[in-house]
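Grab a viewer and work through a few exercises on the chain below. Each one comes with a task and a worked solution, so try it yourself before reading on.

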Amino acid sequence: MLEKAKYLEIHSKFYDYLLRTSFPPEGYLPYGTHEIPPGIANGPEWFIFASQAKELVHEILNSANQFYSQIIRLGAWAEVLEEYEGLERFNIVAEIIEPFASHIINSVYMIKGRMAFVTSILLHHTFCLFEQEWKDTDFKGNKFYFVQVYGQLKKYKEYTGSSDTSDKLHSCLDQIDDEAFREATKEFRGRFQHMIPPNIEVGLSGLVNRMESKDGKVSYGIGGQKPLSLKDVLPHLTTQHDRCVEAFKVFWELMQEMLEIWKQERPNI
């Protein structure tokens with residue numbers, strides 16, 4: 001465990017690096033321009049839709065903006081780590097950096113899931129307006145899968161006839177936590193939640209690996225996997241944040257289209 005004096009020294013250096021780091025404001029999604037306007041429709045269904053939309057949109061904004069701030073902070077920690085070696089470096093990673101970095105890498109899939117869930121439940125409420133066979137009980141929120149929202153986006157396009165917003169959002173969601181990111185992070189998120197992830201910055205992992213070929217044969221590899229380097233991962237996290245921002249912009253386009261449907265189906269006369 002790090003001694004108090006060393007712990008304070010490390011955080012002081014982190015703070016100094018952070019002060020010298022810029023936080024470009026364009027990286028943040030604004031709140032004021034992403035509000036659900038009141039009174040554009042009527043009825044209890046509208047009240048439920050608008051109330052949920054207001055809360056859930058803010059949750060997505062919070063998640064994306066926190067992710068942006070955390071990436072910048074992780075960059076500052078990467079600079080601090082460069083000043084230490086040996087046991088001190090190991091302790092800094094184990095006690096401070098590894099939990100923080102793990103959370104940030106996992107945040108990519110978390111934001112993707114939240115955006116998909118919010119899209120799904122708001123589309124569900126909208127479908128209930130114009131589809132008599134679509135019942136409120138059809139939404140299985142406790143067993144949500146991406147295939148659910150992808151099917152809803154396809155149905156939405158069929159209903160609108162000409163809107164390509166649903167295709168754009170599907171494509172944007174596919175680019176978050178995509179194959180390139182998973183490869184760059186050595187499948188960290190999947191291994192973190194279901195197996196054993198690679199280490200971060202220090203220590204080999206996976207000294208013995210079980211491998212299955214396409215024809216079903218099993219073999220074992222001996223050697224070990226190098227740890228993830230923060231400076232190698234950071235550019236990929238930045239790219240993923242950019243894609244989250246782009247996905248939200250397309251989601252907001254879809255939101256405007258849904259609001260128009262509510263105006264038509266439940267006019268506030």
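**Exercise 1: positive phi**

K186 sits in the loop between α6 (179-184) and α7 (188-194). Keep in mind that you are looking at a predicted model.

Task: work out what stands out about the backbone of K186, then find other residues with a positive phi.

Solution.
- Step 1. Recall the background: most residues other than glycine have a negative phi.
- Step 2. Check K186: its phi is near 55°, a positive value, and the residue is not a glycine.
- Step 3. Look at its cover. K186 has 24% relative accessibility, so it counts as partly exposed.
- Step 4. Go on to the loop between α7 and β1, where you find E201. E201 is not a glycine either, yet its phi is positive at about 75°. With 16% relative accessibility, E201 counts as buried, because the cut-off for buried is under 20%.
- Step 5. Add D177, just after α5, with a positive phi of about 55°.

**Exercise 2: the hairpin**

Task: describe how β1 and β2 pair, and say which residue of their hairpin takes a positive phi.

Solution.
- Step 1. Locate the strands: β1 covers residues 208-212 and β2 covers residues 218-222.
- Step 2. Get the sense of the pairing. The two strands run antiparallel, with five bridges between them.
- Step 3. Pick out a facing pair: E212 is opposite V218 of β2.
- Step 4. Inspect the link. Five residues lie between the strands, and G216 takes a positive phi near 90° in this hairpin.

**Exercise 3: one side of a helix**

Task: list the buried residues of α5 and decide how they are arranged around its axis.

Solution.
- Step 1. Go through residues 165-175, the extent of α5; the buried ones are T165, S166, L169, C172 and L173.
- Step 2. Look down the axis. These residues cover an arc of only 125°, which means they are on the same side of α5.
- Step 3. Compare with the general rule: an α-helix has 3.6 residues a turn, so residues three or four places apart point the same way.
- Step 4. Ask what that side meets. The buried residues of α5 pack against α3 (86-130), α4 (146-160) and α8 (230-265).

**Exercise 4: two helix residues**

Task: is Q70 buried or exposed, and which residues does Q70 touch? Then do the accessibility check for F117.

Solution.
- Step 1. Place Q70: it belongs to helix α2 (residues 44-81).
- Step 2. Its relative accessible area is 16%, so Q70 is buried.
- Step 3. Leave out residues up to four places away in sequence, and Q70 touches F100, H103, I104 and S107.
- Step 4. Turn to F117, in helix α3. At 26% relative accessibility, F117 counts as partly exposed.
- Step 5. Take one distance across the sequence: F117 and F146 are 29 residues apart along the chain, and their C-alpha atoms are separated by 8.1 Å.

**Exercise 5: the whole chain**

Task: sum up the chain by its secondary structure, burial and charge.

Solution.
- Step 1. Count the elements: eight helices and two strands. Along the sequence, they read α-α-α-α-α-α-α-β-β-α.
- Step 2. Take the burial: 42% of the 269 residues count as buried.
- Step 3. Count the charges. There are 29 positive and 38 negative side chains, and the centres of the two sets lie 3 Å apart.
- Step 4. Finish with contacts at a separation of 6 or more: residues 24 or more positions apart account for 77% of them.

Terms used
Residues numbered from 1 in each chain as written. Predicted model: local features only at pLDDT ≥ 70, side-chain atom pairs only at ≥ 80, totals over all residues. Heavy atoms only, no water. Buried < 20%, exposed > 50% of the residue type's maximum accessible area, 1.4 Å probe, protein only. Helix = DSSP H or I, 4+ residues; strand = E, 2+ residues; numbered from the N terminus. Arc of directions from axis to C-beta. Contact = heavy atoms within 4.5 Å. Lys, Arg positive; Asp, Glu negative; His and termini not counted. Charge placed at Lys NZ, Arg CZ, Asp CG, Glu CD. Pairing = 2+ DSSP bridges.
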